[in-house]
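Biologist: I should like a close look at one part of this model and its surroundings. Please keep to what can be computed from the atoms.

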Amino acid sequence: MSSFDLSEILGNPEYVSMLLLGIEMTFVVAIGSWVLAMTLALLLLGLRYAPGPVGNAFVTAYVSYHRNVPTLVQLMLWYFGIFTLMPDGLTFWLNDHNAEAIFAVIGLGLCQAAYFSEDLRSGMRAVSPGQLEAARALGHSYVSAMRFVMVPQGTRNALPALINHSVSLFKNSSLAVAIGVAELTYAVKEIENLSFRTFESYLLVTILYLVFSLMIMTVGAYVARRADPVRSGRA
Amino acid sequence: MISDIIAIIRDYWLLLLIGQYPNGPLGGLAATLMLSVLAIAFAFPVSIALALARLSKSPLLNWPVSALVYFTRGVPLLMLILWGYFLVPLVTGASVPSFLTMLVTLVVYQGAFLSEVVRGGIVALGHGQMEAARALGHSYLGAMRYVILPQALYNVIPSIISVFVSTIKDTTLGYVINVPDLTFAASQINNQLLTQPFQVFFILAAVYYVICWSLSRVAVLTERRITRKRAGTAAQATAKSLKLAALTDQPS
């Protein structure tokens, strides 16, 4: 076996472009599913607070399913299962538009929405009900009390958990390789197959994942600090 | 559709349960459960050692373990599995069954996660316990062994169960290196049937759901019991466990 040589990979334009395409796809999947997850999480949170038992029961079932079934199995059910049940026209359209990536975004986004909505809910629950009463007593309507008093505090409480789960969403984007999405893990397997430089290619991609995850953690910590009026010196 | 599902279960229940066992390696649900139980059983002592190292004042012990924890938090498990698939045979010098590769990877990965849980439990106890034990003449290790760890580990039992649940979910990733677990059995069935992928993967999801949901319930019930038992110190403990929950309750 030849000795360690990173330039075998970084010096080869073909491998570099594969890596860059992989990084791009990883971010497309991660950001796409993050946006979907956050949107759904807010909807789920709204359903939780809606009057009547139906919304609450639905959200409980939704969260329970997505937390207790492995993400990989959820992705497989979407891509191998539900995809085949779809009408032909839709199937053709999806196949023309990178169906793998679309189902990765749907699967990961739906799964992550359960975690995000639970984070937001426990953040909201940590705000004392006295805050709402005080805001109402000061003349805020329910909606404006929510908007100006409850939600800012609730999201601030939820931030650490949201950041943690955003990092794990980014890491979980690697699961998309199991349904054939050409993201970073897929790229490394290809490069390894072509170059026989297992150690170098794995090392490179591991460092990339690590750097991106640490970047998300750092940005998250900065946002959390800025959001905290005491620590950012605004109070 | 329901009759399809029943037919699949009737035809393939043995494959789902134990894989091709007498004629091949143990697989299916039995392999999934064995993998998770063994992983958590080995990860537990590892995690205590890592937690103690991370709490120690010596940078020689502290620093590498912090690095390991950040590493496992920042790199996808899938990538670690690929590393294991490459490194384990290299280190042992022989071809190793993928089951063993997966076990080693899971022990490292969950060991690091679990060590944060154990460390959280120790920190949540507060300084007083250690100081009192030292004042009574215990050595540092003696105080850990007889005073701190018994309390800390008892308090984090619910989190340990959560880590166990995520270990079960993580074993599915063995699929990429062909570990003969439940997911592998399901995809084998899918390859034989070809026409009913939704039904097959629905069964797979349902089995995982039942197992993980029941264990999560056990975790919740244990947590309630422990909180009741420690009602006096519960107020401080919940604040700490909120942060812990974000760490242990990861999608996988």
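Biologist: Where in chain A does His66(A) lie?

Modeller: His66(A) lies in helix H3 of chain A, residues 53-68. The model is predicted, so local features need pLDDT of at least 70 and side-chain atom pairs count only at pLDDT 80 or more, whereas totals for chains, interfaces and linings use all residues. Residues are numbered from 1 along each chain as its sequence is written, chains are lettered from A and ligands numbered from 1 in the order in which they are written, and side-chain values use heavy atoms, with hydrogens and water left out. Helices are DSSP runs (H or I, at least four residues), numbered from the N terminus.

His66(A) has a relative accessibility of 6% and therefore counts as buried (buried is under 20% relative accessible area, exposed over 50%, and partly exposed in between, with a 1.4 Å probe and protein chains only). Beyond its neighbours within four places in sequence, His66(A) is in contact with Gln74(A), Leu110(A), Cys111(A), Ala114(A) and Tyr115(A), where contact means heavy atoms within 4.5 Å. Ser64(A), also placed in helix H3 of chain A, is buried at a relative accessible area of 13%. With neighbours within four places set aside, the contacts of Ser64(A) are Tyr209(B) and Trp213(B).

These contacts lead to the interface, to which chain A contributes 44 residues and chain B 35 residues. About 3700 Å² is buried between the two chains, 73% of it from carbon and sulfur atoms; buried area is the accessible area (1.4 Å probe) that two parts lose on being put together, summed over both. The rule finds 0 salt bridges across this interface, a salt bridge being a side-chain nitrogen of Lys or Arg within 4 Å of a carboxyl oxygen of Asp or Glu. On the side of chain B that touches chain A, two or more residues each come from helix H3 (59-74), helix H4 (77-92), helix H10 (197-229) and helix H11 (234-248) of chain B. H10(B) gives the most, with 11 residues. That side divides into 25 nonpolar, 7 polar and 3 charged residues (Ala, Val, Leu, Ile, Met, Phe, Trp, Tyr, Cys and Pro count as nonpolar, Asp, Glu, Lys and Arg as charged, and the others, Gly among them, as polar).

Within H3(B), the buried residues are Val65(B), Ser66(B), Val69(B), Thr72(B) and Gly74(B). Their cover includes helix H8 (142-172) and helix H10 (198-227) of chain A, together with helix H2 (28-55), H4 and helix H5 (98-125) of chain B.

Over all chains, the whole structure holds 6 salt bridges. Glu118(A) and Arg121(A) form one of these, with closest N and O atoms 3.5 Å apart. They are 3 residues apart in helix H6 (residues 99-125) of chain A, and therefore separated by about one helical turn. Glu118(A) is buried at 16% relative accessibility, and Arg121(A) is partly exposed at 22%. Arg197(A) and Glu200(A) also meet in a salt bridge (3.0 Å, N to O), and both are buried. In chain B, Glu116(B) and Arg119(B) make a salt bridge at 3.2 Å, N to O. These two residues, 3 residues apart in helix H5 of chain B, are likewise separated by about one helical turn. Glu116(B) is buried at 10% relative accessibility, whereas Arg119(B) is partly exposed at 25%. Salt bridges with shared partners join Arg48(A), Arg67(A), Glu118(A) and Arg121(A) into one network.
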